[in-house]
Amino acid sequence: MKKIIASNFKTNHTRKSTKEFIDEVNNYLLESDIDNDVLIFPASSSFDTFETKENLTIGAQNAYHAKNGSYTGELGTIHLDEFGIKTILIGHSERRHILGESQKDVALKYNYYKALGYKIVYCFGEPLEVKQAGLTETLGYIWEQFDGIDLNYDNLILAYEPVWAIGTGVSATTEDIATIHKKIKKKIDKPLLYGGSVKVCTLQDILEVPNVDGVLVGTASWIVDDFKKMIYIANKMDANSKQIKCNIEGEK
Ligand code: PEP
């Protein structure tokens, strides 16, 4: 399976810079003929009818579980349909821990978008105190984040994102990632991404970890040249190239 590379813009990039970013990534995919799946989750104010290559998908970081209605500040599916958006991020730790979404809220949203056939990138991961409590506690915490979630859903991509690694600059070690991904894959046969402070120079090591099918990247993906490098590395790795790491200047 080809590695998946996803970028979460969070609350970054304007409408103008988002369009420039997406156009540049799209042109890169066209010119290089790279066919790895690439996903970009821009801010909803930047949604547009982007014309992208088949393997470049634009998704929503969030939306409400309604077509429309009185939900001040939220988007409904009419707003996603307007731009042909059929992919959504659900369960991101910032929505769980900063915006206060409970597992019940997350499951409600999941089931709503599942019923509509959306591609769902479903995020889960443990906070630091749970990790420090040990592997059993960590796995217990993770399984609870699957409560109410149909893990047999066809259009599902999972993303393991330890909370302590998101936006902190401190990625999980490859050993940590290997341990958790192995446990998850044993029970759930779905594409499984890792997310949490992935950088251009750590990408290859992370993608080489068994059971890692790709990455979900925040901070390090916001500079378009770096994001293109990540796509390049993922593609080269699929072709079994070794020793790419960050020494990719001049290879393009
Ligand atoms: C994320 O937002 O999903 C993420 C992994 O962010 P960062 O790469 O900044 O840790």
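In helix α7 of this predicted model, the buried residues are I177, I180, H181, I184 and K185. Seen down the axis of α7, these buried residues fall within an arc of 130 degrees, so they line one face of the helix. Two loop residues with an uncommon backbone angle, H13 and N211, are also described below, each having a positive phi of about 75 degrees.

**Helix α7**

- Helix α7 covers residues 174-187, and its 14 residues reach 20 Å from the first C-alpha to the last, which is close to the 20 Å expected at 1.5 Å a residue.
- The buried residues of α7 pack against the strands β5 (119-124), β6 (156-160) and β7 (192-195), and also against the helices α6 (135-144) and α8 (200-207).
- On the face of α7 that is turned away from its buried side, the exposed residues are E175, K182, K186 and K187.

**Positive phi in loops**

- Most residues other than glycine have a negative phi.
- H13, although it is not a glycine, has a positive phi of about 75 degrees, and H13 is placed in the loop between β1 (4-8) and α1 (15-32).
- Because its relative accessibility is 28%, H13 counts as partly exposed.
- N211 is likewise not a glycine and has a positive phi of about 75 degrees, and this residue lies in the loop that runs between α8 and β8 (214-217).
- With a relative accessibility of 30%, N211 therefore counts as partly exposed.

Key. Residues are numbered from 1 along each chain as its sequence is written. This is a predicted model: local features need pLDDT of at least 70, side-chain atom pairs count only at pLDDT 80 or more; totals for chains, interfaces and linings use all residues. Side-chain values use heavy atoms; hydrogens and water are left out. Helices (H or I, at least four residues) and strands (E, at least two) are DSSP runs, numbered from the N terminus. The expected span of a helix is 1.5 Å times one less than its number of residues. Buried means under 20% relative accessible area, exposed over 50%, partly exposed in between (1.4 Å probe, protein chains only). The arc is that of the directions from the helix axis to the C-beta atoms. Contact means heavy atoms within 4.5 Å.
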